[in-house]
Amino acid sequence: MKRHAWVDASAGIAGDMLLGALLDAGASLTVVQNAVDAVSGGTVRVRQREVTRGGLHALKAEVEPLVDDPPHRTWADVRDMLERAGSDTSTATAVFRCLAEAEGRVHGTKPDDVHFHEVGALDAIADVVGCCAALADLGVATVSAGPVALGSGTVRTRHGRLPVPAPAVAELAKGWQVSAGGDGELATPTGLALLRRLARACEPLPPMTLEAIGVGAGTRDPAGHANVVRVLIGTTAAQAPAPVVKRAETSTPSEPDDRAVLLEANVDDLDPRLWPGILNSLLRTGASDAWLVPIVMKKGRPAHTLSVLCTPALADTLRDQIFRDTSTLGVRHSPRGKVALERAFADVTVDDTRIPVKVAHRGGTVVQVMPEFDDVAALARRQQRPERLVLQEALAAAGGAGLIVGSALPENLRPAQ
């Protein structure tokens with residue numbers, strides 16, 4: 001059964017703290033290490049040990065580089081490492097992309113040219129890849145989190161002393177509920193990028209049947225509060241099996257209906273070059289989808305309708321973001337029902353490279369089969385071949401593996417995360 005994880009970051013968050021919490025909740029250290037090895041080439045080791053923080057038992061995740069003086073890396077370097085891993089690293093890639101875009105905005109550089117420094121080092125790669133692998137191992141399908149403590153004061157960086165929250169942390173925190181929460185740097189860019197990419201909403205602890213609790217420790221043990229991240233994992237009402245209701249023979253079987261909210265705004269005075277960044281930002285915040293439709297408004301003015309689909313819990317946050325990032329004077333909202341096909345993943349091999357394939361299914365029958373395009377595009381870039389040809393080969397490999405529309409659903413698929 002799919003599970004939900006709620007992250008308590010009220011004392012701050014860092015990549016190693018979240019990884020420690022997931023390991024404490026039951027994720028396999030072996031699974032995490034294997035995933036990290038696939039990306040790092042066996043140049044870093046993940047360890048865990050029990051500690052106490054503020055009187056609470058916690059697990060400390062420690063990353064030990066096995067090479068001397070690991071190099072600084074750009075986002076392009078890290079992306080290549082993830083692409084060469086030969087496994088499903090799409091979520092980890094999205095986390096680093098989110099981080100690179102934030103760093104690029106605050107430093108005025110292109111994301112591909114961002115030097116991660118300590119974030120690009122092996123320990124941070126292990127944190128990001130390890131957290132994604134741990135969530136998959138725990139069977140977590142959805143994640144949400146509460147408000148985040150960012151800290152206060154100043155922090156020393158390679159650019160000199162900067163105010164807390166550091167610029168990249170502040171950029172990543174846009175649209176999320178935050179507080180100072182204490183002295184010093186309580187949230188790191190890596191930790192916040194993980195939270196923003198993984199968590200679908202900022203919300204209080206949702207109703208769930210609680211199954212596991214993990215407590216991850218930070219390095220410091222300050223007086224006055226426990227320097228930990230907590231993860232609570234369970235099954236929510238939305239994920240629990242629906243009760244069986246007997247119906248009259250003449251009634252029509254109902255479809256599964258996920259509640260959603262549609263936000264819309266008509267905009268006729270925004271520089272169109274801003275739209276790609278706005279759409280990407282809305283998706284990073286947690287929108288289920290975001291798109292533009294060209295329209296003609298009064299007096300013949302060309303314009304766009306911005307549409308954003310999201311969960312009810314995230315509607316207020318995304319509405320505020322629309323007001324902040326666009327020139328609209330009003331945002332319409334309406335409830336929507338959504339029928340979604342169940343999804344799962346399988347891997348196929350194209351030229352010795354594993355490509356994840358998304359399989360949509362219903363009633364035990366395959367309905368749609370589509371290779372993950374980011375992985376297809378990455379292979380096409382490496383081979384300097386047209387993307388359409390690599391996509392055709394991936395589809396042919398999927399068919400050869402029995403992933404054919406209308407066929408019975410294979411049993412060896414992994415659930416979508």
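This tour proceeds through a predicted model, selection by selection, and states what is found at each stop.

**Stop 1: helix α3 and helix α4**

Select residues 75–83, which form helix α3, and then residues 90–107, which form helix α4. The axes of these two helices come within 10 Å, and they cross at roughly 175°. Angles over 145 degrees count as roughly antiparallel, and α3 and α4 are therefore roughly antiparallel to each other. To see the contact itself, display Trp 75, Val 78 and Leu 82 on the α3 side. On the α4 side, display Ala 92, Thr 93, Phe 96, Arg 97 and Ala 100. Sorted by character, the residues of this contact comprise 6 nonpolar, 1 polar and 1 charged.

**Stop 2: the surroundings of α3**

Keep α3 selected. How many of its 9 residues are buried? The number is 7, and the helix is thus described as mostly covered. The buried residues are Trp 75, Ala 76, Val 78, Arg 79, Met 81, Leu 82 and Glu 83. Add α2 (29–40), α5 (122–137) and α10 (373–383) to the view, since the buried residues of α3 pack against these helices as well as against α4.

**Stop 3: from α3 to α10**

Select Glu 83 and Arg 382, whose side chains meet in a salt bridge with an N to O distance of 3.8 Å. This pair links distant parts of the chain: Glu 83 lies in helix α3 and Arg 382 in helix α10, 299 residues apart. Glu 83 has a relative accessible area of 18% and is buried, whereas Arg 382, at 38%, is partly exposed. In the structure as a whole there are 20 salt bridges.

Now select the whole of α10. Its buried residues are Asp 375, Val 376, Ala 377, Ala 378, Leu 379 and Ala 380. Besides α3, the elements against which they pack are the strands β17 (342–350), β18 (353–362) and β19 (365–371), together with helix α11 (387–400). After α10 comes Gln 384, whose phi is positive, near 55°.

**Stop 4: Arg 385 and its partners**

Select Arg 385, in the loop between α10 and α11. At 25% relative accessibility, this residue counts as partly exposed. Which residues form salt bridges with Arg 385? One is Asp 351, with the closest N and O atoms 3.4 Å apart. Asp 351 belongs to the loop between β17 and β18, 34 residues from Arg 385 along the chain, and is partly exposed at 46% relative accessible area. Another is Glu 393, with an N to O distance of 2.5 Å. Glu 393 is also partly exposed, at 30% relative accessibility.

**Stop 5: Arg 196**

Select residues 189–198, helix α7, and locate Arg 196 within that helix. Arg 196 is buried yet has no salt bridge. The nearest side chain of opposite charge is that of Glu 171, 9.1 Å away. Residues touched by Arg 196 include Leu 172, Ala 173, Lys 174, Gly 175, Trp 176, Arg 284 and Thr 285.

**Stop 6: Glu 203**

Finally, move to Glu 203, in the loop between α7 and β11 (208–217). Is Glu 203 buried or exposed? At 12% relative accessibility, Glu 203 counts as buried. Display His 4, Trp 6, Ser 144, Ala 145, Gly 146 and Ala 313, which are among the residues that Glu 203 touches. For a sense of distance, select Leu 122 as well: the C-alpha atoms of Glu 203 and Leu 122 are separated by 32 Å, and the two residues are 81 residues apart along the chain.

Note on methods. Residues numbered from 1 in each chain as written. Predicted model: local features only at pLDDT ≥ 70, side-chain atom pairs only at ≥ 80, totals over all residues. Heavy atoms only, no water. Axes fitted to C-alpha atoms, helices over the stretch in contact; angles between N-to-C directions. Helix = DSSP H or I, 4+ residues; strand = E, 2+ residues; numbered from the N terminus. Parallel < 35°, antiparallel > 145°, perpendicular 65-115°, else oblique. Contact = heavy atoms within 4.5 Å. Nonpolar A, V, L, I, M, F, W, Y, C, P; charged D, E, K, R; others polar. Buried < 20%, exposed > 50% of the residue type's maximum accessible area, 1.4 Å probe, protein only. Lys, Arg positive; Asp, Glu negative; His and termini not counted. Salt bridge = Lys/Arg side-chain N within 4 Å of Asp/Glu carboxyl O. Lists of a residue's contacts leave out its neighbours within four places in sequence.
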